[in-house]
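The following paragraphs walk through a metal site and then a position in a strand. Please keep the model in view while reading.

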Amino acid sequence: MTDPTDCKICGMLQATAPEDVVCDGPHWAVVAMQDVPGMLMAFARDHDRGPGSLSDAAAAELGPLINRLSASLTATGAFEKTSVIYLGDNALHTHFMLLGREPGDERVFDNAPLLARFAGKDRDRARAIVADLRGAVRGPATRPISA
Ligand SMILES: [Zn+2]
């Protein structure tokens with residue numbers, strides 16, 4: 001296991017601009033990824049060993065978090081649905097990517113279509129979507145950050 005003092009996800013959260021943070025709660029945090037509109041990364045706040053080692057509180061919030069983020073992404077009108085991808089255990093935090101899917105998007109479960117999304121970076125649009133999502137994830141499970 002990686003040394004917790006060298007955790008790339010903890011470091012990423014500290015380095016993320018407030019405008020790119022959807023929520024920073026006690027069990028989960030969600031940030032926009034690299035200015036790609038509708039691409040989010042959610043991660044458990046605890047260091048763990050991946051799916052199956054989530055705290056009970058983080059596990060209880062996982063489904064509602066996915067539902068609220070997905071419903072909110074589609075409610076922006078920019079996406080018809082979402083995909084959860086890369087439910088990962090290659091870091092000290094269980095984490096996943098949530099990707100807003102546009103009509104006609106290629107399948108995302110091979111890497112090429114996902115990586116192609118990086119050609120469409122748009123910081124203003126990505127941050128506008130983050131701002132829309134903040135209200136949707138308010139609740140006892142999360143603490144939105146005010147920009
Ligand atoms: Zn960490």
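His-93 is buried, at 1% relative accessible area; buried means under 20%, exposed over 50% and partly exposed in between, with a 1.4 Å probe and protein chains only. This is a predicted model, in which local features need pLDDT of at least 70 and side-chain atom pairs count only at pLDDT 80 or more, while totals for chains, interfaces and linings use all residues. Residues are numbered from 1 along each chain as its sequence is written, and side-chain values use heavy atoms, leaving out hydrogens and water.

Through NE2, His-93 is one of the protein donors of the zinc ion, alongside Cys-7 (SG), Cys-10 (SG) and His-47 (NE2), at 2.0 to 2.2 Å from the ion. Donors are N, O and S atoms within 2.8 Å of the metal (3.2 Å for Na, K and Ca); because water is not among the atoms, sites may look incomplete. Along the chain the donors are spaced C-x2-C-x36-H-x45-H. Cys-7 lies in the segment before helix H1 (8-15) and His-93 in the loop between strands S4 (81-88) and S5 (95-101), so this pair ties together parts 86 residues apart in sequence. Helices (H or I, at least four residues) and strands (E, at least two) are DSSP runs numbered from the N terminus. Cys-7 also counts as buried, at 9% relative accessibility.

Strand S2 (residues 28-32) contains Val-31, which is buried with a relative accessible area of 1%. Beyond its neighbours within four places in sequence, Val-31 has contacts (heavy atoms within 4.5 Å) that include Met-12, Leu-13, Val-22 and Phe-43. Met-12 is 19 residues from Val-31 in sequence, and their C-alpha atoms are 9.4 Å apart.
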